[in-house]
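Here's a quick tour of one protein model, written for someone who likes to know where the space is and what fills the rest. Have a look at the structure first.

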Amino acid sequence: MPKTCLMTRRTACALASTFFLPMSIASRVSAQQAPIRIGILSTFSGGFSSANQVYHATIKAFQKLHGDTAGGRPFEFIFRVDTGLAPETARRLAQELIIGEHVDFLVGFTFSPNAAAVSEISTQSKVPVLITNASTTNLMAKAPYMARFSYTQGQLTTALAAWALKNKIKSVYNVFLDFSTGYEAKTDFTNAFTAGGGKIVGEVAFPLSTLDFSTYVQKARDAQPEAVFTFLATAGHGFLKAFHDAGLSRSGMRVLGTGDLVAEDLLPSIGEYADGVITAMNYSYAHNSRLNREVIAAVKAADPTAPPFSFSAAALWDTLTAIYRVADAQKGALDPDKTMALIKGMAFESPRGPIRIDPDTRDIIQNIYIRRTQQQNGNWTSVEIDTFPMVKDPIER
């Protein structure tokens, strides 16, 4: 983060929340070349604090590879922290970014309730919202200026259930976070798993504030399933350690989960507790493509101290690709309706593989990878072991 403000407008510099272009760029900007202002609003605190540094490094790397202007205009990035599952805070900050900072785009959103809270503001102001994390199905049904570059729970959980059934797993115990997306994840997994002949032998929900997982691990032990399905977000370390300490990883009981269980930026701290965990996700740090290797190298070069490039950072990379494309197509004269028309059906190669925005739903179509966490070249990573190609959200609500 720079220590001084460059290109400040309307408000005083907030060192902890605003990312500005270098002076060499700012000095070339005339009054007729106002920057495209991107508000990045997400949960850069608690278990998600590492995302802040990764996002800054990703932006720097992207502009190093693709230039610092699009459509003849430079960029200004304004960061805001929504503090967690806090819809009212997200709504207030979105209003401040739109009304006070006059942003052209809103990007980010970790929690789906936060993203849903800004949908009405986005619709009224016609400010496009590009989602890099929030995963609830039908999130954009009543938000015509919103598009998703992350994933849906249905994409992950139905693929995971199909893989479990194909690999002869017949009984599962569900452990999940006690909020709307947690219930959605376990319901989608349960429906797909039981439809294929699998059996759910029990379930338990736990609060986001949980620190001691021994009780939940004991409940799973008592149910004696072949595997445990988990939706844990950043609580993976605590649960997997308790699972390991209880001896369940040595008993043959498998852990299945959505990819946030072993997110790339969390794996260094989780370490051996994640050994053998099976997850479904839209990205793997170990994804074997030239573009992924180039992006990882560019992000490392931008900030060698940043945590590993992650699925959320990959989605940020793709939102920047989309923004550059629509800015170039409109020669910098951004019109929100034209912007959304250009985003609908947009397709390109991502660090995660091929992606496409569904022109009807504005949801993402992408590969879903089944990954096994293991050591590779001395580091813990999640290696792709199966692929479900170009998956649309399979859930209708």
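What follows covers the largest pocket, one helix and the nonpolar cores of this predicted model.

Let's start with the pocket. The largest one holds about 440 Å³ of space. Its lining is made up of 20 residues, and Tyr285, Lys300, Pro308, Asn379 and Trp380 are the ones nearest the centre. Helix H11 (267-270), helix H12 (290-302) and strand E16 (379-391) are the elements that give two or more residues to this lining. E16 has the largest share, with four residues. Here's the lining split by class:

| Class in the largest pocket's lining | Residues |
|---|---|
| Nonpolar | 12 residues |
| Polar | five residues |
| Charged | three residues |

Next up is helix H9, residues 236-245, where Gly236, Phe239, Leu240, Ala242 and Phe243 are buried. They sit on the same side of H9 because they cover an arc of only 160 degrees around the axis. What do they pack against? The partners are strand E8 (171-177), helix H8 (214-223), strand E10 (227-231), helix H10 (248-251), strand E11 (254-258) and H11. After H9 comes Gly247, with a positive phi near 85 degrees.

Now for the cores. The largest nonpolar core has 100 residues, and Ile38 and Ile40 touch the most other members. Helix H13 (residues 311-329) supplies the largest share of this core, 11 residues. Setting aside neighbours within four places in sequence, Ile38 has contacts that include Phe75, Phe77, Val103, Leu320 and Ile323, as well as Glu76. Another core, of 21 residues, lies apart from the largest one, with Leu41, Phe109, Val127 and Met140 among its members.

Conventions. Residues numbered from 1 in each chain as written. Predicted model: local features only at pLDDT ≥ 70, side-chain atom pairs only at ≥ 80, totals over all residues. Heavy atoms only, no water. 1 Å grid on protein atoms, 1.4 Å probe; cavity = no way out; pocket = protein on both sides within 12 Å on 5 of 7 lines; lining within 4 Å. Points joined across faces, edges and corners; volume = space filled by probe spheres on them. Nonpolar A, V, L, I, M, F, W, Y, C, P; charged D, E, K, R; others polar. Buried < 20%, exposed > 50% of the residue type's maximum accessible area, 1.4 Å probe, protein only. Arc of directions from axis to C-beta. Contact = heavy atoms within 4.5 Å. Core = buried A, V, L, I, M, F, W, Y, C linked by side-chain atoms within 4.5 Å.
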